Amino acid sequence: MPKTADLLILDGTVVTMDDAGTIIEGGGVAVVGDRIDAVGSSDDLRRDYHATKTIDARRKVIMPGLVDTYGHAGHSMVRGIYHPVHGWPAGHLYWHETTPEWWYAEARLAATERVRFGVTTGASVIGSTPARLDNPVYAIRNAEAYASVGMRAVLGVGPPDPFVSHIPVPWDGTHWENGEWVTRQFTYEEALANALDVARDWHGAAEGRIRIALHPPYLFGRHATDRDRFKWEYLPEHIPVVIEKAEEMRDLANRYGLQIHTHFFRGSVEFAVHHFGRERVESLLGPDVLVQHGNDLNPSEVEIVGGTRCNVATSPSTTENIWCGYAPVVELLEAGANVAIATDGSAPRFSFDLLKDVPRAMWHQWIRFQTTSVLPAGKALRMVTIDAAKALNMDDQIGSLETGKKADMITIDLNQPHLTPHTFIPQMLTYYVNGNDVDTTIVDGKVLLENRRYTTVDAQAVMDQALEESARVFERVDLSPYTEMPRDYWHGARY
Amino acid sequence: MEQERQQIDLLVTGGTVMTMNGQHELIENGAVAVAGNRIVAVGPRAEIEAAYHAAKTIDAADKVIMPGLIDCYSHAGHGMIKGIFRPALGWPANPIYWHASTPDWWYAEAMLSALERVRFGTTTGVSILGATPARADNPIYADRHLDAISDIGLRAVLGVGPPDPFIPHIPTPWSGSHFENGEWVTRQFTYEDAIENSRDVIRRWHGGADGRISIALAIAYLFGRRAIHQRFPYHYDTERDAPIILKNARESREIADAEGVQIHTHVFRGDLAFAEEYYGRETVLEILGPDVVLDHVNDISPSEIALIAEAKANVVTVTFVGETVGYGACPVIPLLEAGANVVMATDGSAPYFSLDLWKELSRTMFTHRIQHEDMAILPPGKALRMVTIDAAMTLGLQDEIGSLEVGKKADIILVDLRRPHLTPRTALPSLLAYYATGNDVDTTIVDGKVLMENRVVLTVDESAMLDMAIDEQRRSLERIDISQFTELDEQFWTSPRDQAGVVG
């Protein structure tokens, strides 16, 4: 007697991303509720299941949804608004020009983009670094938006860094209240309390699809010189505060069962070890810590990050590669760290298309080692699926197509000239596919995108709303320093 | 009284026109009018619509109307071996091209790659016939490639020429296998045979298909290849080879002059320094010139940069390519500052990149910004020029294509902005340079003819063409075992390093 499945995807090439690297030609997946009930040959699945809904995956790859372990809420509204000398207006906009509706519209846009690009789980820090937590409403509106689209999301919340604030001290944020703009100061403690409020209400919400992570921007401060971009110095009286805050984060993470997502660059770990001792530093790190960037960590830092089994989200498209140098991904892997490839999306110069970052991440290591024999394509593919799920401590639930896991999956249309012939499918996925080749996106067993059509959102309305909200903000802000196009813009080797 | 409107063939209207003309005009709510294969007007929508009545109108609302992209360097053949690559083992391109491909295979591959270009908004594409060296042991392969280009309607430059006499990419004595009367026949051929076949292709095809097809003389290494590379462990015997290299280079120059075709060739670190040292600067400058296109140009010295600039030769840079791993990068910024014309290209669709020229913009900008540790390198506007008008100049076609201007050929694409990743569209040229991908192109027009509209290819049956490519590829893989390149062992999935095939 056949079982009833809610969804059957049949006749595709299943790239399971399980530990054995199983690939099933002419295979499929059966979904019951929000879970994968079986993965196997289409013949077997046809024999074993009736389905309410069937998706034909001929000349398609069926694979786990992509997991983007690091991005920013807010950025989708400021794409391309960037000048190499004048920078970009994100910080000011986020803190002083945006309403809760703006944050909602932005998050809907971002989630819609990610769904289109096959990202089923996406992490976002609320705002630039630091996260905007002077009022919990901004994070809440983001969570509501991701929940409404149906994606799985991890929101990074937390206070600004007490010493390296991107926003002016005393910290203040501007809020649109009862028809007017009101600027209010806030403290570290207030922002932390707001972050914990959001965590209490939203961690595990939307049937478990929304999760919260603590995001101290720089757990051990920021130390790389970054070619004079960040010029802060730590005074002797700051140093005990750094460890005090870091230990507080560790306590909160333990108490609430939250991950810590934070930036490390060259010197962060070394600074901490120098002042606080290796043992104390190692006691704060562990498999529930996700290190963002990790650029140019030195060998002793790599040893500590790897030895404590931290996760690293490397972002091959970001400016940090220019300011700090590449992330030592191969060494981190060899030292025992789990490394994921992430977008750091989606501004000022790159999208949420996580697949574009796979060859870039490989390429950076090839250039570092001057050989194509590092970071094999299969490993790179794991770094946006199962290894990325592990980086979010969700690998028992998502990241591969295996019986019992959540039904987060995508199909990729191979019947296109740039994907034909597709002799060696894993390398087609790493080198040739881009986000636009995803044609179906399923989260928690629910189809969000089918044949490139959205089922849970009206994409045109989402884009219209985003245009409207961004226009409202841009009316008040002079963007010309970022968007001018002088002669050198078109003709210069340099700006 | 309403003015009589001029009858034209095609009106593309209501989008933002990014002209890429000398002033880089952007026209919001603009239009382009096309009569025959030429642009007759570019301007605001209201003006153009008042002046012209078109047989066919394309609504470009929420789209960018811009010149088709120009890809100055790729390889015919590569479309069939996408992704078949293992780092230490390389890839099976040469055995397949030389010994397992039929004329129909080359037709199918050309059609497949042309379709890919049409989809990605490349309206003019250069292809070297085969890997380096080009397959010119029989003109049939070029003929079948060009038949496909004619059929689909793309604008193309095909590079044909002899293998390099000193570099055994293919077994010496040179031989190629041909499928004739139901069986495979292997024949030897000489440098002279290949030159003769190339001349034959030039004479029959250059300017063909209503001028859409050009032929270039593809010389693998005009001045030899000096720098050793992990995938290129060949040493020249300078005493033996130098006179022959010069003789062949002079012959290439004579052919280019006599037939009015360009020379496309590879240059790496040391090649031009060698030529200058052995033959003298004047001789080298007699051979180089504005009709020479230098591919890759990795890791060259300041004096080599100066030589290229003086010769006014064109440079094609490819960012993510094996040559950059092992050599340094192409010094794009110093070359531009020395006055050279530098453009971005794909280098074809194997072993690990597609013909999506859009991806090259952000990759190239970013690579050089990393190298210079400076964000203020390669502005997005310049990057856009490097795949449009500067690329047209590279091919000597700047009077015909590369920008939307009255009198130019109507090679036009539309980029659909109604995508989440292209919303909001505040700084449009930067948004395109950083965010757009080939798949965002939804309409492609070449020579006034609509090849793709709303992502549907109109001039050929796309699905049948894809099936044909899959069939032809399967047939060739029956003759060549590729399993060593596609093995899915544990290292492939889990190791930070892939040691398969690494010796020692």
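**Exercise 1. The nonpolar core**

Identify which residues of the largest nonpolar core touch the most other members, and which helix gives the largest share of this core.

*Solution.* A nonpolar core is a set of buried Ala, Val, Leu, Ile, Met, Phe, Trp, Tyr and Cys residues joined through C-beta atoms within 7 Å. Buried means that 20 or more other C-beta atoms lie within 10 Å of the residue's own; 12 or fewer make a residue exposed, values in between make it partly exposed, and C-beta atoms are placed from the backbone. The largest core holds 335 residues, and A:V157 and B:V32 touch the most other members. Helix α3 (residues 103–120) of chain B supplies the largest share of this core, 11 residues. Helices (H or I, at least four residues) and strands (E, at least two) are DSSP runs, numbered from the N terminus. In soluble globular proteins, nonpolar side chains tend to be buried together.

The next step lists the surroundings of B:V32. Two residues are in contact if their C-beta atoms, placed from the backbone, lie within 7 Å. Neighbours within four places in sequence aside, B:V32 is in contact with B:V12, B:V17, B:I39, B:V42, B:I65, B:L404 and B:I412.

The model is predicted: local features need pLDDT of at least 70, side-chain atom pairs count only at pLDDT 80 or more, and totals for chains, interfaces and linings use all residues. Residues are numbered from 1 along each chain as its sequence is written, while chains are lettered from A and ligands numbered from 1 in the order in which they are written.

**Exercise 2. Two residues of chain B**

Determine whether B:E28 and B:T346 are buried or exposed.

*Solution.* B:E28 is placed in strand β2 (residues 26–35) of chain B. It has 10 C-beta neighbours inside 10 Å and therefore counts as exposed. Its C-alpha atom is separated by 8.8 Å from that of B:M18, 10 residues apart along the chain.

B:T346 is found in the loop between β16 (341–344) and α11 (358–372) of chain B. Because 32 other C-beta atoms lie within 10 Å, B:T346 is buried. Not counting residues up to four places away in sequence, B:T346 touches B:D71, B:S74, B:V318, B:F353, B:L355, B:L357 and B:E360.

**Exercise 3. Strand β15 of chain A**

Describe how β15(A) pairs with β14(A) and β16(A).

*Solution.* Two strands pair if DSSP finds at least two bridges between them. Strand β14 (residues 289–295) of chain A pairs with β15(A) in the parallel sense over 3 bridges, and A:Q292 stands opposite A:A313. Between these strands the chain passes through helix α9 (residues 299–307), and this β-α-β crossover is right-handed; that is, with the strands pointing away from the viewer, the path from the first strand over the helix to the second runs clockwise.

Strand β16 (residues 338–341) of chain A also pairs with β15(A) in the parallel sense, over 4 bridges. There, A:I341 is the bridge partner of A:T314.

The side chains come next. In a regular strand the side chains alternate between the two faces of the sheet. In β15 (residues 311–314), A:N311 and A:A313 point one way and A:V312 and A:T314 the other, and all are buried.

**Exercise 4. The interface**

State how many residues of chain A are in contact with chain B, and which element gives the largest share.

*Solution.* 73 residues of chain A are in contact with 68 residues of chain B. Elements giving two or more residues to the side of chain A include α3 (100–116), α12 (354–369) and α16 (459–476). The largest share, 7 residues, comes from α16(A).

**Exercise 5. Unusual backbone geometry in chain A**

Locate the cis peptide bonds at A:S346 and A:P421 and the positive phi of A:R309.

*Solution.* Most residues other than glycine have a negative phi, and most peptide bonds are trans. A cis bond joins A:G345 and A:S346, with omega about 5°; A:S346 is in the loop between β16 and α12 of chain A. Another cis bond joins A:T420 and A:P421, with omega about -10°, and A:P421 lies in the loop between β17 (409–413) and α15 of chain A.

A:R309 is not a glycine, yet has a positive phi of about 60°. It sits in the loop between α9 and β15 of chain A, and its 15 C-beta neighbours inside 10 Å make it partly exposed.
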